[in-house]
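Please walk me through this model in the viewer. Tell me what to select at each stop, and what I should find there.

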Amino acid sequence: MLNDLSPLIAATARWLTVAYPASGGPLASALCEAQARQAVTVAAWLRYPTEVDAALVTMAGPGGTARLDWVTGAESADEVPAADWAWRTWVDEVVASWAAGLLTDPELAGLAVAALAEGEHAASAPVEFRRLIAPDDGDRRAAALLRHPDLLAPVTALHHTQLLDRLRPDSALAA
């Protein structure tokens, strides 16, 4: 079965860092990307908690960036060469929205990471999410735009209720 979420995670993290770039040079860009990737990984694992869920989204495709770009005022597909646009088809709107919520709310991020213990992903690959749940001052400076609640509010609002429902103790595991 195709159950590798890495293309979805990479594309969605890339979209977040393109929409909310780091400020401060290459190190800041790397720190910003690490935080985006951790948030997107947690969100993707919550959204697709089983191998079957991951296989289904891999086969069907996650949907792309059209609504996210519209909400944030980003350029449209007509303005960008197709080669530069293809990766955007792997962006998952719900995962991006959930990741934005996790980046702007440390308490929610902690709950989300704790909820991963129930899924199949955490058992197969234990991962530390320190930059997401306990960013230091350097992380915060590097990802000032990426962690700004007001700037991410339109993206977070798209699927915030679904994230809160998923994090309820009695929520179902399947997406």
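**Stop 1: two aromatic pairs**

Select tryptophan 15 and tyrosine 20: both are buried. This is a predicted model. The two rings form an edge-to-face aromatic pair, 6.4 Å centre to centre, with 80° between the planes. The structure holds two such aromatic pairs.

For the other, select tryptophan 45 and phenylalanine 129. Their rings are also edge-to-face, at 6.1 Å centre to centre and 85° between the planes. Now colour by residue number. The pair links distant parts of the chain, 84 residues apart. Tryptophan 45 sits in helix α2 (residues 26–47), while phenylalanine 129 is in the loop between α8 (120–124) and α9 (130–133).

Are these two residues buried or exposed? Tryptophan 45 counts as buried because its relative accessibility is 12%, and the cut-off for buried is under 20%. Phenylalanine 129 is buried too, with a relative accessible area of 6%.

**Stop 2: arginine 88**

Go to the loop between α5 (82–85) and α6 and select arginine 88. Its relative accessible area is 7%, so arginine 88 is buried. Show its contacts, leaving aside neighbours within four places in sequence. You should find Trp15, Val18, Gly64, Thr65 and Asp69. Trp15 is the tryptophan from the first pair.

**Stop 3: α6 against α7**

Select α6 (93–104) and α7 (106–115). How do they pack? Their axes are 5 Å apart, at an angle of about 120°. That angle makes α6 oblique to α7. On the α6 side, the contact is made by Gly101, Leu102 and Thr104. On the α7 side, look for Pro106, Leu108, Ala109 and Ala112.

**Stop 4: the kink in α11**

Select helix α11, residues 149–167, and check the distance between its end C-alpha atoms. The helix spans only 20 Å, whereas a straight helix of 19 residues would span 27 Å. Where is the bend centred? Zoom in on threonine 156: a kink of about 60° is centred there.

Threonine 156 is also one of the buried residues of α11. The others to select are Leu152, Val155, Leu158, His159, Leu163, Arg166 and Leu167.

An α-helix has 3.6 residues a turn, so residues three or four places apart point the same way.

Finally, show what covers the buried residues of α11. The cover includes α1 (6–19), α2, α4 (66–72), α6 and α7. Two of these, α6 and α7, are the helices from the previous stop.

Terms used: Residues are numbered from 1 along each chain as its sequence is written. This is a predicted model: local features need pLDDT of at least 70, side-chain atom pairs count only at pLDDT 80 or more; totals for chains, interfaces and linings use all residues. Side-chain values use heavy atoms; hydrogens and water are left out. Rings of Phe, Tyr and Trp (its six-membered ring) pair if their centres lie within 6.5 Å; planes under 30 degrees apart count as stacked, over 60 as edge-to-face and the rest as tilted. Buried means under 20% relative accessible area, exposed over 50%, partly exposed in between (1.4 Å probe, protein chains only). Helices (H or I, at least four residues) and strands (E, at least two) are DSSP runs, numbered from the N terminus. The expected span of a helix is 1.5 Å times one less than its number of residues. The bend at a residue is the angle between axes fitted to the seven residues ending there and the seven starting there. Contact means heavy atoms within 4.5 Å. Axes are lines fitted to C-alpha atoms, for helices over the stretch in contact, and angles run from 0 to 180 degrees between N-to-C directions. Angles under 35 degrees count as roughly parallel, over 145 as roughly antiparallel, 65 to 115 as roughly perpendicular and the rest as oblique.
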